[in-house]
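Hi everyone, thanks for making time this morning. Please have a look at the model on the screen, and then I'll walk you through a few places in it.

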Amino acid sequence: MRKHLSQLLKENVGISEEDYKDVQKIKMEKGGNTGEILISKKLVTEEQLLEAFSIQYNLPFWPKLPLNAIGTGVTHQVPIQFLKKYFMVPLESSEQRSEVRGQGSEGRDYSLSAGEQVESETGEQEESEDWGREESEDREEAFEPLKSKESGDMEQEEPQHEPGYIIAVNDPTCFQPLDDMIRIIRANNFQVVLSTKDAILSAINISYDLNRDSAEELVQNMEENGTTIISEIEDTADLLDDTSDAPIIKLVNHIISQSIKARASDIHIEPYQDSFKVRYRVDGILYDLITPPKWIQPALTSRIKVMAKMNIAEKRLPQDGRIELKFGDQEIDVRVSTIPISFGERVVMRLLNKSTSLLELSELGFSGERLGVLKKLVTSPNGIILVTGPTGSGKTTTLYAILSSINKPDINIITIEDPVEYQLKGISQIQVNPKIELTFARGLRSIVRQDPDVVLVGEIRDRETAEIAVQSALTGHLVFSTLHTNDSASAITRLVDIGVEPFLISSSVIAVAAQRLIRVLCPECKEPYMPDDVTLEAIGITKDQLRNNTIYRTGGCQNCLNTGYKGRVVIIEIMVMNPSLKSLILKTFDSNQIKKEANMATLRHDGIQKILSGLTTIEEVLRVTQL
């Protein structure tokens, strides 16, 4: 006889009899779901509960659902609200399922495959039972081989070879809605599995988003009347669950959702004299997304400004705003900036995925030698460590990874940033606010009175900020900051240009790191080849280096959106301030002489290592580095 859920949880999780009684008491007094009460009281985790259901009902448990199985064939048949209400989703499968049938509330055949894993959640019928008694015979036989009248009629027909379904459910006892969905999509060949709410919701959202009209179709369906479109603009809270029929709202949602799916960091809306263009930046490169007619431009800009809570009537001044939205199980923070140009307002949206966990230093792509130098530097008791590079070179990500690596209870870390991009647990972060005169300099001056051990200054922009940072380093603080320079040697020249005395630089700065982000070859389509001599000479690779290494070039596949690249890693040069460099800075601040004296491995050298290891291409390293 199948074990009761309470017995399974006792054996596998160790829930006591007292806990059972408390749960039953809460359920009797306030009602609700037994499983949710258990989870809310932290007696079990969702995964533990679902694993127990998996054993109880002999259903596979899938913590994650295969994204490549998500299809759009049922999106026109089943409303998204229905699937979200009952936490279930059908996934398309090209395989014929091996059928071990189970019956639902109306005798439906549930095809189950043995040996697969699944994940599930609590059910309404299970909640209504008393935990102390055995399950009813109906529950015992819920998934035993039985045959319905409908399935019996169908078995007399020709065998069907249509694609099957994997139906992920969160509640193994929610029979009626599952029966209804099976009838609607006419699923004759399917398998029921268990999965978490988050995984199911993510699959639902992706499935329905894939079936949305393309941007071109949305544009073609719009009436050529800007005033009518603008009158339809209203704010919405949920990007993927938005059911508004307003074409401009659908178009903006489509642009943002497609950009998120493409892993874009920015969206650009650029007006021209007779047209305007929407582009997105993926792995540092801008790609065209859509070129709508010019008359849509005012409505599109106004919709974005409404979402960002900006003044849509003000079109003559630059504005900044912010949008917080959800895309499936991802939380996206969108920074919006508008500026007036000759042919309308130019809009740039910076996309920050707050659901993505911060990377560790070892995950950024540093080579072993450079990673060792960096780890040694960040344990220094005082001094300034500068990270330099152009906008979008990953300076902030590197600094966040550094702070995370040294963040301990016995260290007081305070940052001042513009903006605060990610919240770091255990670290005090200050947002620059020029409107109330909270600048880097003023904030930094206050920070040093807060007894910090480590200080992060988002950027050194002026003499006052630089001088306070230097004084902080000289008085026993470890200071991290960024500069916009091309290489590490130029950072010294830049500080002198700002107005910092060379003797203060030589006594406070302990290292300068310059970095770039290079695109990583797509592992699915990269191709080995032998470059010609001219190319090898241009990058600086010798024939000896090629003996035990293979060089690859881009291909192009669906996995990388036909770009040949997927993701980025860091290349870095680290200039450690040794005694000879400090002496040289007192005599001259010429970047060429400083670079020659430093005798360090440059960005190009790090890039060559990435090429020889098969991570990137010669063209990519040449694009982001200079001699």
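Before we start, one term: when I say that two residues meet or touch, I am talking about contact, which means heavy atoms within 4.5 Å. Also keep in mind that this is a predicted model.

Let's begin with a pair of helices. Packed helices are described by the angle between their axes and the distance between those axes. Here the pair is α1, residues 5–12, and α4, residues 46–57. Their axes come within 10 Å and cross at roughly 120°. Angles of 65 to 115 degrees count as roughly perpendicular and those over 145 as roughly antiparallel, so α1 and α4 are oblique to each other. The crossing of α1 past α4 is right-handed. Which residues of α1 meet α4? They are Leu5, Leu8, Leu9 and Asn12, and on the α4 side you find Gln48, Leu49, Ala52, Phe53, Ile55 and Gln56.

Next, please move along to strand β7, residues 276–282. In a regular strand, side chains alternate between the two faces of the sheet. In β7, which side chains are buried and which are not? Phe276, Val278, Tyr280 and Val282 point to one face and are buried. Lys277, Arg279 and Arg281 point to the other face and are not buried.

β7 has hairpins to talk about, too. Strand β6, residues 264–271, pairs with β7 in the antiparallel sense over 7 bridges, and 4 residues link the two strands in a hairpin. One bridge there matches Pro271 with Phe276. Then β7 runs antiparallel to β8, residues 285–290, with 5 bridges, and Val278 stands opposite Ile290. This second hairpin has 2 residues between its strands, and in the turn Asp283 has a positive phi of about 55°.

Now for a sheet of 7 strands. It is open, its pairing is mixed, and its order reads β14-β13-β15-β16-β12-β17-β20. Why is one side of β14 and of β20 left without a neighbour in the sheet? Because both stand at the edges, each with a single partner strand. From one strand to the next, the twist averages 20°.

Let's zoom in on β15, residues 454–457. Val454 and Leu456 point one way, Val455 and Val457 point the other way, and all are buried. Compare that with β7, where Lys277, Arg279 and Arg281 are not buried.

β15 runs parallel to β13, with 4 bridges, and parallel to β16, also with 4 bridges. Val455 is a handy landmark: Ile414 is its bridge partner on the β13 side, and Val479 stands opposite Val455 in β16. Getting from β15 to β16, the chain passes through helix α18, residues 463–474, in a right-handed β-α-β crossover. Ile414 also stands opposite Ser428 in β14, where β13 and β14 run parallel with 4 bridges.

Helix α16, residues 395–406, lies across β12, β13, β14, β15, β16 and β17. It runs at about 165° to β16.

Last stop: Leu612, in helix α24, residues 603–612. Buried or exposed? Leu612 has a relative accessible area of 14% and buried means under 20%, so this residue is buried. Leaving aside residues up to four places away in sequence, Leu612 touches Ile541, Gln545, Leu546, Asn549 and Thr550. Take Asn549: 63 residues separate it from Leu612 in sequence, yet their C-alpha atoms are 5.6 Å apart in space.

Thanks for listening, and please do ask questions!

Note on methods. Residues are numbered from 1 along each chain as its sequence is written. This is a predicted model: local features need pLDDT of at least 70, side-chain atom pairs count only at pLDDT 80 or more; totals for chains, interfaces and linings use all residues. Side-chain values use heavy atoms; hydrogens and water are left out. Buried means under 20% relative accessible area, exposed over 50%, partly exposed in between (1.4 Å probe, protein chains only). Two strands pair if DSSP finds at least two bridges between them. A crossover is right-handed if, with the strands pointing away from the viewer, the path from the first strand over the helix to the second runs clockwise. Axes are lines fitted to C-alpha atoms, for helices over the stretch in contact, and angles run from 0 to 180 degrees between N-to-C directions. Angles under 35 degrees count as roughly parallel, over 145 as roughly antiparallel, 65 to 115 as roughly perpendicular and the rest as oblique. A crossing is left-handed if the near helix is turned anticlockwise from the far one by less than a right angle, and right-handed if clockwise.
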